[in-house]
Structure formats: structure tokens, C-alpha cells
Amino acid sequence: MRRLIRSFSYAGSGIVSAVMSQANMRIHAVCSVIVNAAGLLLGLSRMEWIAIIAAQTAVLAAELMNTAVEHVVDLVSPGQHPLAKAAKDTAAGGVLITAIGAVIIGLFVFIPHLCS
Ligand SMILES: Nc1ncnc2c1ncn2[C@@H]1O[C@H](COP(=O)(O)OP(=O)(O)OP(=O)(O)O)[C@@H](O)[C@H]1O
């Protein structure tokens, strides 16, 4: 049990460190707060909340993985290397894909509420 709590605390400190060090992570976090506040104001249905929460979770998790990739690449390749660039750009591409998906889901969920 103590081991489990320690693992959660390491994970929590990883999240805090990413929020403190990565501007993109802060942008995603602020967007999440705004989207959730809008969802509460507009009274989303259960299925709409599931879609919105899944989209936000995917973006935040992708940004955390991207941050982890950046740290490892900077550690193993402090100089310039084509593979370092490929690794960082591929991880950033993963974030972009989830962010585009999240925007599309957000449009599907919020536009009908805003137009009714
Ligand atoms: N060690 C490296 N070797 C080659 N290219 C690199 C290396 N580190 C970064 N790059 C490339 O340089 C560009 C800018 O990278 P940089 O890490 O400065 O910004 P970023 O990818 O936007 O990350 P951050 O979120 O920290 O701003 C990217 O295309 C990245 O792939």
C-alpha cells in the first residue's frame, strides 16, 4: 500500500513538473478548465461529458508523454541529431493529432448547445 502511494506521488510530481516547465501543458490545462466550466454552464449530457473528458484526457496524457520524450532526448542527445529531431517531432505530432481530435469533439458537443 505504501508503495502504491509512493507511485502516485511520483506520478503527481511528474504532472506538476510538466505543468511548471511546459507552456503547452499550461495552455492545455487552462483550455480544460474553460471547457469544463462551459460544460457545467450548458448542462452537458452524460454521453457528452464522456466524450469531452476522454478528449481532454487524451490531450493531457499525450502532452505528458511528449514532455517525457523531450526530457529523454535532451538527456541522451544534448547535441543535434536527426533521430533526436525525429523523436521530438513525432511525439509533438501525437499531441497535435489528439488536440485536433479534441477540437472536433468539442465542436460536435458544444455547437448544438450554442445554437439551440
Ligand atoms: N537534439 C536535437 N537534435 C535535432 N533536432 C532537435 C533537437 N532538439 C530539438 N530539435 C528540433 O528543433 C525544433 C525545436 O525544438 P525545441 O525542443 O526547441 O522546441 P519544441 O519541440 O517546440 O519543444 P518545447 O515544447 O520544449 O518548446 C524541433 O523541430 C525539434 O525536433
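Start with helix α4, residues 82-115, which supplies the largest share of the shell around the ligand, five residues. The model is predicted, so treat each stop as a feature of a computed structure.

Next, select the whole shell: Gln22, Asn24, Glu70, Ser77, Gln80, His81, Ala84, Lys85, Lys88, Asp89 and Ala92 surround the ligand. Colour these residues by class, and they divide into five polar, four charged and two nonpolar.

Keep Asn24 selected, since the next stop is linked to it. Among the residues that Glu63 touches is Asn24, which also belongs to the ligand shell. The other contacts of Glu63, leaving out residues up to four places away in sequence, are Met25, His28 and Val95. Glu63 sits in helix α3, residues 46-76. An unreviewed UniProt entry places the feature "active site" at this residue, Glu63. Is Glu63 buried or exposed? Glu63 is buried, because 25 other C-beta atoms lie within 10 Å and the cut-off for buried is 20 or more.

Now select Met25 and Val95 again, this time as members of the largest nonpolar core. This core has twelve residues, and the rest of the selection is Ala18, Leu44, Ile52, Ala55, Val59, Leu60, Ala62, Leu64, Ala102 and Val109. Helices α3 and α4 each supply at least two residues of the core, and α3 gives the most, with six. In soluble globular proteins, nonpolar side chains tend to be buried together.

Finish on Leu64, a member of that core. Beyond its neighbours within four places in sequence, Leu64 is in contact with Ile15 and Ala18; Ala18 is also listed in the core.

Conventions: Residues numbered from 1 in each chain as written. Predicted model: local features only at pLDDT ≥ 70, side-chain atom pairs only at ≥ 80, totals over all residues. UniProt positions renumbered as here; feature names shortened; annotations may be inferred. Helix = DSSP H or I, 4+ residues; strand = E, 2+ residues; numbered from the N terminus. Contact = placed C-beta atoms within 7 Å. Near = placed C-beta within 6 Å. Nonpolar A, V, L, I, M, F, W, Y, C, P; charged D, E, K, R; others polar. Core = buried A, V, L, I, M, F, W, Y, C linked by C-beta atoms within 7 Å.
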